[in-house]
Amino acid sequence: MNTILASIVTPNGKVFEGDVHMVSVRAVAGDMGILPNHMPVVAPLKISAVKLKSFDADQYVAVSGGFIEVRGDQVTILTESAELKKDIDVSRAERAKEEAERRLSELTEESPEYKAVQNDLKRAENRLDIASRH
Ligand code: ATP
């Protein structure tokens, strides 16, 4: 069976590199499932889970947006931060969620920080969602 060489890269280094059967991502324009022989594409991603389907099991990785590039049988995801499910610190994400909710409750939608704090909340919720998956 054909495979894809998938890598997830952040400014701190590679979070994942390996051969997988399918990569599923949540792009800004919609969900994408990438199998071998996919057409070339570059697309921005949402704060979301990347699913890596491989021989033995599925793996989930939290990504804070970024981009996916598909070229040949290589998929590269470039993102500011990414964590494998097993590396997610749940209490840290819970604290980040509470802090973001507290700050949002003190802001109006017009305030300059509103979007950034909303994204802080989304990153924390995404980590918690992925950490709670089986
Ligand atoms: P926090 O407020 O807890 O720092 P954040 O969303 O602001 O969270 P990021 O800026 O997205 O954090 O990431 C900074 C670094 O910390 C990255 O290397 C990221 O992988 C890591 N990181 C952030 N939150 C967690 C977490 N809950 N578990 C594991 N690593 C995390």
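This report describes the overall fold of a predicted model, then its second helix, a buried strand residue, a surface patch and a set of salt bridges.

**Overall fold**

The protein chain contains two helices and 10 strands. Read from the N terminus, the order of its elements is β-β-β-β-β-β-β-β-β-β-α-α. The radius of gyration is 16 Å, close to the 14 Å that the globule rule gives for 134 residues, so the chain is as compact as a globular protein of that length. Along the principal axes, the C-alpha trace spans about 55 × 30 × 25 Å.

Of the 134 residues, 37% count as buried. The accessible surface of the protein chain comes to about 8100 Å², and carbon and sulfur atoms supply 49% of that area. Where contacts join residues at least 6 apart in sequence, 51% of them link residues at least 24 apart.

**Helix α2**

Helix α2 covers residues 114-131 and has 18 residues. From its first C-alpha to its last it reaches 26 Å, close to the 26 Å expected at 1.5 Å a residue. Its buried residues are Y114, V117, L121, A124, N126, L128 and I130. What do these buried residues of α2 pack against? Their partners are β6 (47-53), β7 (58-64) and α1 (90-105).

**Two strand residues**

S7 is located in strand β1, which runs over residues 4-10. Its relative accessible area is 9%, so S7 is buried, the cut-off being under 20%. Apart from neighbours within four places in sequence, S7 is in contact with K14, F16, E17, V75, T76 and I77.

V42 belongs to strand β5 (residues 41-44). Is V42 buried or exposed? V42 counts as exposed because its relative accessibility is 58%, and exposed means over 50%. On the surface, V42 forms a nonpolar patch with F67 and L78, and together the three have about 310 Å² of accessible area.

**Salt bridges**

Side chains of opposite charge can pair when their charged atoms come close. A search of the whole structure finds 12 salt bridges. The table gives three of them, with the distance between N and O atoms and the relative accessibility of each partner.

| Lysine | Acidic partner | N to O distance |
|---|---|---|
| K51 (26% relative accessibility) | D58 (35% relative accessibility) | 3.8 Å |
| K53 (37% relative accessibility) | D58 (35% relative accessibility) | 3.9 Å |
| K97 (25% relative accessibility) | E101 (33% relative accessibility) | 3.2 Å |

D58 pairs with K51 and also with K53. K51, K53 and D58 are thereby linked in a network of salt bridges. K51 counts as partly exposed, as does K53, and D58 is likewise partly exposed.

The bridge between K97 and E101 lies within one helix: the two residues are four apart in helix α1, so about one helical turn separates them. An α-helix has 3.6 residues a turn, so residues three or four places apart point the same way. E101 is partly exposed at 33% relative accessibility, and K97 is partly exposed at 25%.

Methods: Residues numbered from 1 in each chain as written. Predicted model: local features only at pLDDT ≥ 70, side-chain atom pairs only at ≥ 80, totals over all residues. Heavy atoms only, no water. Expected span 1.5 Å × (residues − 1). Buried < 20%, exposed > 50% of the residue type's maximum accessible area, 1.4 Å probe, protein only. Contact = heavy atoms within 4.5 Å. Patch = residues over 30% accessible without salt bridge, like charges linked within 9 Å, V, L, I, M, F, W, Y side chains within 5 Å. Areas by Shrake-Rupley, 256 points an atom, 1.4 Å probe, with all protein chains shown as cover. Salt bridge = Lys/Arg side-chain N within 4 Å of Asp/Glu carboxyl O. Rg over C-alpha atoms; globule rule 2.2 N^0.38 Å.
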